[in-house]
Amino acid sequence: HGRLFPFFASLESVESPLPDERAWRVWDAFIYLCQKFGIVYGGDLFTLVPEEMGDPRGWFPLLESVYCQEKRSLEREFLRQVNLRFKTAPGIAWDLWNEPGVPVDALKGWTNDLRQTLEQTGVPRFITVGGGSGEKLADAVDYIGAHSGTHEIRKLVNTSKKPVMMQ
């Protein structure tokens, strides 16, 4: 943890974890292409994030996202900005975090907090937490982002009252 891998050297000078204009334009193009081809965008938002929201030295933001209020504040602002930026684009759902590995009670509080942030924007979006956590999160999520290999799909039985979107 003392230094970044060379791949992340450009982050050394980053002062804000929020997207800059270049990042927004890349995301604009991606959303545009999804809209053009009728793809529902299920963006995975907080798995690989800037240092201030988690840990860019690996895939996962570890537990900081859930337990550090300073990072949570930045996550809320990021989610607010991204949701408002694409407020007129249909067919967007947010997968808040892919396979978080966080105790369910703490994860539920985090998920509900981010749900409230979305609701405050006035732009409704369906949300999930990927990797099967959705079943345990009950009303905190709108659908279950299940992970399964092709050969396992036929064996899955959805015992929850939530729809399942295979990821």
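Accessible areas come from the Shrake-Rupley method with a 1.4 Å probe.

**Figure 1. Overview of the chain in a predicted model.** The accessible surface of the chain comes to about 9,900 Å². Carbon and sulfur atoms account for 57% of that surface. The chain has 167 residues, and 39% of them are buried. Five helices and three strands are present, and along the sequence they follow the pattern α-β-α-α-β-α-β-α. Among contacts in the chain with a separation of 6 or more, 61% join residues 24 or more positions apart.

**Figure 2. Helix H4 and its surroundings.** Helix H4 covers residues 104-121. Its 18 residues, at 1.5 Å a residue, should span 26 Å, and the end C-alpha atoms are indeed 26 Å apart, so the expected and computed lengths agree. The buried residues of H4 are Ala106, Leu107, Trp110, Thr111, Asp113, Leu114, Arg115, Thr117, Leu118 and Thr121. These buried residues pack against three helices and two strands: helix H2 (64-67), helix H3 (69-85), helix H5 (133-137), strand E2 (92-98) and strand E3 (126-130). Just after H4 comes Gly122, which takes a positive phi of about 75°.

**Figure 3. Asp105 in helix H4.** Asp105 has a relative accessible area of 68%. The cut-off for an exposed residue is over 50%, so Asp105, at 68%, counts as exposed. In sequence, Asp105 and Leu137 are 32 residues apart. In space, the C-alpha atoms of Asp105 and Leu137 are 8.3 Å apart. Leu137 belongs to the range of helix H5 (133-137).

**Figure 4. A nonpolar patch on the surface.** The patch is formed by Tyr32, Leu33, Phe37 and Ile39. Together these residues have about 450 Å² of accessible area. Ile39 sits in the loop that runs between helix H1 (21-36) and strand E1 (41-44). The relative accessibility of Ile39 is 47%, so Ile39 counts as partly exposed.

**Figure 5. Two cysteines, Cys34 and Cys68.** The structure holds zero disulfides. Cys34 has a relative accessibility of 7%. Buried means under 20%, so Cys34 counts as buried. Cys68 has a relative accessibility of 25% and therefore counts as partly exposed.

Notes
Residues are numbered from 1 along each chain as its sequence is written. This is a predicted model: local features need pLDDT of at least 70, side-chain atom pairs count only at pLDDT 80 or more; totals for chains, interfaces and linings use all residues. Side-chain values use heavy atoms; hydrogens and water are left out. Helices (H or I, at least four residues) and strands (E, at least two) are DSSP runs, numbered from the N terminus. Buried means under 20% relative accessible area, exposed over 50%, partly exposed in between (1.4 Å probe, protein chains only). Patches are made of residues with over 30% relative accessible area and no salt bridge: like charges are joined within 9 Å, nonpolar side chains (Val, Leu, Ile, Met, Phe, Trp, Tyr) within 5 Å. A salt bridge is a side-chain nitrogen of Lys or Arg within 4 Å of a carboxyl oxygen of Asp or Glu. The expected span of a helix is 1.5 Å times one less than its number of residues. Contact means heavy atoms within 4.5 Å. A disulfide is a pair of cysteine sulfur atoms within 2.5 Å.
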